[in-house]
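Work through the exercises below with the sequence and the model open. Try each task before reading its solution.

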Amino acid sequence: MRVLRFGAAAGIAVAEAAAAVALVFASHHDPDPWLIAAFAVVAGLTFVAAGLVALWRRPDNATGAWMVATGCLWFVAALTESNESWVWTAGFVLANLAFVSFAGLILAYPDGRLERRDLWLLAVGGVASVGGNFVVSLIDETPVSQCDNCPGSAIAVTDSHTAAEIVTAVCTIAIVAVLALIVATLVNRWRRASVTSRRTLTPVYATCGVALVLLLASVIADQLSHVTFSVLWVLFLVAFALVPISFLVGVLRSRFDRAAAARFLLSLDAGVPLRDAVAQALHDPTLEIVYRLGDREGWVDEQGREVEEPYPTADRAVTTIERNGRRVAALVHDPALAEEPDTIDLVASAAGLPLENTRLQADLRSEFQFLVTLVDTAPSLFVHLDLDGTILNQNNAAVDVAGEDDQEQIRGRKFWDVFVDPLEREELIQRFKDAAPDYPEEEYENTFVNARGERRVVYWHGAPIPDEHGRVRAIIAGGIDITARHEEAEARERERAFLNAIANEAPSLLCLIDEKGILAPFATNKAFERTLEVEPDATGGTVFWDTWVAPEDSARVKALVARVAAGETVRDHDHTWITKTGRRLAVSWSCTRLPSIDERRLLLISGVDVTERKQRELQLQHERDITSTLMQAIPSIVVVVDREGMIVDNGVDATAAAVNEAFRTALGWPDADIVGTSVLELIDPDDGYFARMAIASAANGVASGERETRWSRADGEHLVFSWTATPVADVTGREPSLVLLSGNDVTQRRKQEQEIRASRTRIIEAADDARRLLERNLHDGAQQRLVALSVSLRLAESRAKTDPAAAEAIIQASREELAAALEELRELARGIHPAVLTDRGLAAAIEALVIRTPIPVTVHVPSDRLPPAIEAAAYYVVSEAVTNIVKYAGATTIDVTVEARDDWVTVTVADDGCGGADPEGGTGLRGLRDRVGALDGTLHVDSPADRGTRIVAEIPLAQRPELAL
């Protein structure tokens, strides 16, 4: 199949070449057909030949196919030499296909693959070059104006030379842009390529670059000058013909490299290192060689250093070399060498034996390096001595123990001058001499001060090294630095003595017991013996919870100790201990499990005598309970704030405010809302300045006087408190000082005082109004009648002698006027205070009142007399109520009831009128409330609209005594 493909491609190329030559001979419109034809045929056949060789050598690589296609399409351009219109038109339209194929060849080299960007460039270039010619052939009958002998377009549908020039210019710009992008792509690939890849790319890219530049220049010149175009076109053809030669050089380079690979053995004989010789043969300066270890898994370099197993990556390829079915080495090289497997295989075959030898050397170096590393990194000391005691070699641990910084500072010196104290050297030298000539194994320990002035303790073990005849030729001294162990043992001994001293002098009660609770002999400290009143030798063998714990707590203590012995951790507990003399002590104690000693599990009991503290705590708690009870029970509000006025917590619960129940009840604020809140936020802003000054004064140690401010309840209502600020100490120690605010709710008192002042004002005003009314009534009524009576009497006196009858008539009229004046005075006196009330009591006064009422009145009044003030108040309540009902209520009935029961007098006046009475709307009901309030009574008005009015006055029969303060 390969031969058939090769022959077919060659035949097609030769036929196309012959046809091209024939067309040139048959044509007469080109001035120099022979020169152009010669170059064109040579270029086309060169591409075909190079492509055929590439296909023969690498049929899987598309580069050969691109070269054959370029050569075959190249001859299509010869159709433009025809004198026949259709043939010429086909050649004109398809002439540029060879350049599209040529661009694809360049972009696909060397692996024959095109990227997506490359395909886009080829597509755009093909459309611009072939499609542009096709459009020009459609719109211009003479597409090539510089050729007078060329036939016209066979497919022209119109003749617009201007439109054809525009299309040509646009396509030319597109082709120039595509060529520029192709050049940029090739430059970028060359820059990113490795050294080996550049070796492959450089000749091809150089010739292609020159050809592309000349092609670009000819495309531009074609629009400017035909002569310049012809010159550049010939130069392009020359460069174009060199391109397939550069491809052939790249294809045949592996053949040439085989000879170079064969010569690399001569380089080895000349002393060139193996790696350099292989790198020269493969032309890859970045080549690396790693070797497979023989008996151990892993890879090493030529120096025996361990390396990672090589894996191929995007930047590096790996070729494994085997001998006798076993991997011996791996070449890590440029991926571009994968295109030349024959060369790599040849070099690998030729280098197999040298690589095996080098691998063995690397394996040996690795083993040696491993042993050196093992000895140098071992914590033990290794010193190599000759038979005179001279140090021949040593590891890093020995150098460090000797206090030196470099091995050369020890090598060549005597062992005892480095590792033996001067006071012991003579003895060691003598022992060393006595051990000759066999130098048997020996172990010993010595202490010395090294070169850095550090005290070191080393345990040594010496052993001889015999030669092949069994004679000792050297000595190995291995040592272990036990300085830290010695120091730790000494430190533990000092710590033990220190802890014993502390335990004996500690104020805590300490004793050691086993899991059964038995005290070990002399296992108590002085505080235990002193507190429990026992001698040191009298505690051993006693059971802790049976002897030293109160019977009621013995079982609980035993259970707790058992839990600790089982590995559990328990908190401190308080129980009662018993002294030797029977005294009972309150002890806070804990139990700790100690490490095993002689297969025994010991436990440490540690306790503190808290008897006095418990008593003080109980007393303090009792005092706190009393204080807390008093604080919560007092009716005054109490709140504690800091220097800034922030409400603090109670010192036990961070969410509970330091306030009493009276505060919570009066103001209704939840603790969570006020802890950490400024108390000034609860005080009216108008009073905030004075409150802040009072708190600041108390915080500085000066208690403030009593003051009244308005406080806000949780529901928005305001209360008035009279309070003081007093400095107090913070027992929790969190603040330098606190301030105690305490006070009483004086809201009702303030209201009563305001009501009293208002009622007094209204009483005074009512009295003044009554006096003015009385004065007016006397002036306008009885006074006028009496004045008229006085005038009548003087007139009667003057006429008594002259006209007795007229005088008698005047006297008679004066008598009637006097009676009317007396009646008016009685009515006036009845309005001020009815005489019947004083003479006959409340019942008679009310009966007299209701007789003159035009509305039916039902009266229920006790016949017994009441205190005068109460009767007067009740009378005026009934009088004012009845008067208002008659005037405004529109009622049909009135019910008046007076009851005296349980030291209270209740006066009720009810009607069935329109209701809607407002006690604040007029002076009548307000005056009644003042009159009843003066007797410590109350007045209630219930007057719903359209349901009548009910007025109830409650007056105490006796004045209630005030609370004694």
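**Exercise 1.** Is Ser712 buried or exposed?

*Solution.* The model is a predicted one. Step 1: find the residue; Ser712 lies in strand 17, which covers residues 707–712. Step 2: take its relative accessible area, which is 18%. Step 3: compare with the cut-off; buried means under 20%, so Ser712 is buried. Step 4: list its contacts. Leaving out residues up to four places away in sequence, Ser712 touches Leu667, Trp669, Leu682, Glu717 and His718.

**Exercise 2.** Describe the surroundings of Ala725.

*Solution.* Step 1: Ala725 belongs to strand 18 (residues 718–728). Step 2: its relative accessibility is 0%, so Ala725 counts as buried. Step 3: beyond four places in sequence, Ala725 is in contact with Ala694, Ala698, Ala703, Ser704, Val739, Leu740 and Leu741. Step 4: set sequence against space for one pair. Ala725 and Val641 are separated by 84 residues in sequence, and their C-alpha atoms are 9.8 Å apart.

**Exercise 3.** Where is Ser943 found, and what does its side chain contact?

*Solution.* Step 1: Ser943 sits in the loop that joins strand 23 (938–942) to strand 24 (950–956). Step 2: a loop position does not settle the question of burial, so check the value: at 13% relative accessibility, Ser943 counts as buried. Step 3: look for polar partners; the side chains of Ser943 and Thr949 make a polar contact at 2.7 Å. Step 4: with neighbours within four places in sequence set aside, the contacts of Ser943 are Gly915, Gly916, Ala917, Gly948 and Thr949.

**Exercise 4.** Which residues of helix 19 are buried, and how are they arranged around the axis?

*Solution.* Step 1: helix 19 runs over residues 551–565, 15 residues in total. From its first C-alpha to its last it reaches 22 Å, close to the 21 Å expected at 1.5 Å a residue. Step 2: the buried residues of helix 19 are Asp553, Ser554, Val557, Leu560, Val561, Val564 and Ala565. Step 3: seen down the axis of helix 19, these buried residues fall within an arc of 140°, so they line one face of the helix. Step 4: recall the geometry. An α-helix has 3.6 residues a turn, so residues three or four places apart point the same way. Step 5: name what the buried residues of helix 19 pack against: strand 11 (509–514), helix 18 (544–547), strand 13 (573–578), strand 14 (584–593) and strand 15 (602–609). Step 6: look just past the end of helix 19, where Gly567 has a positive phi of about 105°.

**Exercise 5.** Where is the kink in helix 6 centred?

*Solution.* Step 1: helix 6 spans residues 116–139 and has 24 residues. Step 2: its end-to-end reach, first C-alpha to last, is 34 Å, close to the 34 Å expected. Step 3: the kink, of about 30°, is centred on Gly131.

**Exercise 6.** Why does Cys591 form no disulfide with Cys511?

*Solution.* Step 1: a disulfide is a covalent bond between the sulfur atoms of two cysteines. Step 2: the cysteine sulfur closest to that of Cys591 is in Cys511, 8.7 Å away, which is too far for a bond. Step 3: for the whole count, the result is 0 disulfides. Step 4: add the accessibility of Cys591, which is 9%, so Cys591 counts as buried.

Key:
Residues are numbered from 1 along each chain as its sequence is written. This is a predicted model: local features need pLDDT of at least 70, side-chain atom pairs count only at pLDDT 80 or more; totals for chains, interfaces and linings use all residues. Side-chain values use heavy atoms; hydrogens and water are left out. Helices (H or I, at least four residues) and strands (E, at least two) are DSSP runs, numbered from the N terminus. Buried means under 20% relative accessible area, exposed over 50%, partly exposed in between (1.4 Å probe, protein chains only). A polar contact is a pair of N or O atoms within 3.5 Å; within protein, one must be able to donate a hydrogen and the other to accept it, and residues adjacent in sequence count only if both atoms are side-chain atoms. Contact means heavy atoms within 4.5 Å. A disulfide is a pair of cysteine sulfur atoms within 2.5 Å. The expected span of a helix is 1.5 Å times one less than its number of residues. The bend at a residue is the angle between axes fitted to the seven residues ending there and the seven starting there. The arc is that of the directions from the helix axis to the C-beta atoms.
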